[in-house]
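Student: I should like to go through this structure with you and ask, for each label, what justifies it.

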Amino acid sequence: MLDVAEWIMKDFAAIDFETANWNPSSVCSVGIVIVREGRIEDRFYELIHPTPNYYSRMNTQIHGLTREDTDSAGLFPEVWSKVAPLVEGLPLVAHNSPFDERCLRAVFQVYRMDYPGYEFYCTCRASRRVFKGELPNHQLQTVAARCGYDLALHHHALADAEACAQIALQIL
């Protein structure tokens, strides 16, 4: 049997995408927090020119981004060329990871990029296991607060990635 300390994930990249509309390929911002040896080592945030390039009112209400914010931003392949070296060899951690993984796969497909088979872990699923019956819900802001992290800028991709990293450091 493994010692509890051996179960702790010490090296990973927490990731969060915001999307312009309901299409998963419409990523319009990405936040990444690199954790090595249990410490935050690096942060990355960038706006992305989404594909397709239109914003739903609901998405804008959630994250505050508009077409004007991203019209001059780089396309996904340009932005990911900066991200890929940061996350190379690391598992990706997201809160509600099926959403972020779906976005990543969709945008790779749109640009006909070879998907490298990133390994995803989900802090939302882990929260349901660890805090079962203790929390009113397992939304990012609720779990972050339970883990002692004040998520003041919820739905900003970097703030959400940082909250996810803090949660992962405690429960993964």
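Student: Which residue of E5 does Ala 94 stand opposite?

Tutor: Ala 94 stands opposite Cys 122 in E5. Please keep in mind that this is a predicted model.

Student: What makes E4 and E5 paired strands?

Tutor: Two strands pair if at least two bridges are found between them. Strand E4 (residues 92–94) is joined to E5 by three bridges, so the criterion of at least two is met. The two strands run parallel.

Student: Why is the pairing of the sheet called mixed?

Tutor: The open sheet consists of five strands in the order E3-E2-E1-E4-E5. E4 and E5 run parallel, whereas E1 (residues 12–19) and E2 run antiparallel, joined by eight bridges. E2 and E3 (residues 39–47) also pair in the antiparallel sense, over eight bridges. Pairing between strands can be of either kind, parallel or antiparallel, and is made through backbone hydrogen bonds. The pairing in this sheet is accordingly termed mixed.

Student: Which residues stand opposite each other in the antiparallel pairs, for instance opposite Val 27 in E2?

Tutor: Thr 19 stands opposite Val 27. On the E3 side, Ser 29 stands opposite Leu 47.

Student: Why do E3 and E5 count as edges of the sheet?

Tutor: E3 and strand E5 (120–122) each have a single partner strand, so one side of each is left without a neighbour in the sheet. On average, neighbouring strands of this sheet are turned by 25° against each other, direction ignored.

Student: Why is strand E2 described as largely enclosed?

Tutor: Nine of the ten residues of E2 (residues 27–36) are buried, so the strand is largely enclosed by the rest of the structure. Buried here means under 20% relative accessible area.

Student: What makes Glu 37 noteworthy in its backbone?

Tutor: Glu 37 has a positive phi of about 55° although it is not a glycine. Most residues other than glycine have a negative phi. Glu 37 sits in the turn of the hairpin formed by E2 and E3, which has two residues between the strands. With a relative accessible area of 60%, Glu 37 is exposed, because the cut-off is over 50%.

Student: Which other residue has a positive phi near 65°?

Tutor: That residue is Asn 96, again not a glycine. Asn 96 lies in the loop between E4 and H5 and counts as partly exposed at 39% relative accessibility.

Student: How do you know that the bond between Thr 51 and Pro 52 is cis?

Tutor: Omega of the peptide bond joining Thr 51 and Pro 52 is about 0°. Most peptide bonds are trans. Pro 52 lies in the loop between E3 and helix H2 (57–63).

Student: Why is the contact of Glu 162 with Arg 43 called a salt bridge?

Tutor: The closest N and O atoms of Glu 162 and Arg 43 are 2.9 Å apart, and the limit is within 4 Å, so the contact qualifies. Glu 162 lies in helix H8 (residues 157–171) and Arg 43 in strand E3, so the pair ties together parts that are 119 residues apart in sequence. Glu 162 is buried at 14%, while Arg 43 is partly exposed at 43%.

Student: How many salt bridges are there in the whole structure?

Tutor: There are six. Among them, Arg 105 and Glu 101 meet at 3.4 Å, N to O. These two residues are four apart in helix H5 (residues 97–110), which means a separation of about one helical turn.

Student: How do you know that Cys 147 is in no disulfide?

Tutor: The structure holds zero disulfides. The cysteine sulfur nearest to that of Cys 147 belongs to Cys 164 and is 10 Å away, whereas a disulfide requires sulfur atoms within 2.5 Å. For Cys 164, the nearest cysteine sulfur is that of Cys 122, 8.0 Å away, and Cys 164 is likewise in no disulfide. Cys 147 counts as buried at 8% relative accessibility, and Cys 164 is buried at 1%.

Student: What makes Trp 22 an exposed residue?

Tutor: Its relative accessibility is 64%, and exposed means over 50%, so Trp 22 falls in that class. Trp 22 is placed in the loop between E1 and E2. Together with Met 58 and Ile 62, Trp 22 makes a nonpolar surface patch of about 350 Å².

Technical notes:
Residues numbered from 1 in each chain as written. Predicted model: local features only at pLDDT ≥ 70, side-chain atom pairs only at ≥ 80, totals over all residues. Heavy atoms only, no water. Buried < 20%, exposed > 50% of the residue type's maximum accessible area, 1.4 Å probe, protein only. Patch = residues over 30% accessible without salt bridge, like charges linked within 9 Å, V, L, I, M, F, W, Y side chains within 5 Å. Areas by Shrake-Rupley, 256 points an atom, 1.4 Å probe, with all protein chains shown as cover. Salt bridge = Lys/Arg side-chain N within 4 Å of Asp/Glu carboxyl O. Axes fitted to C-alpha atoms, helices over the stretch in contact; angles between N-to-C directions.
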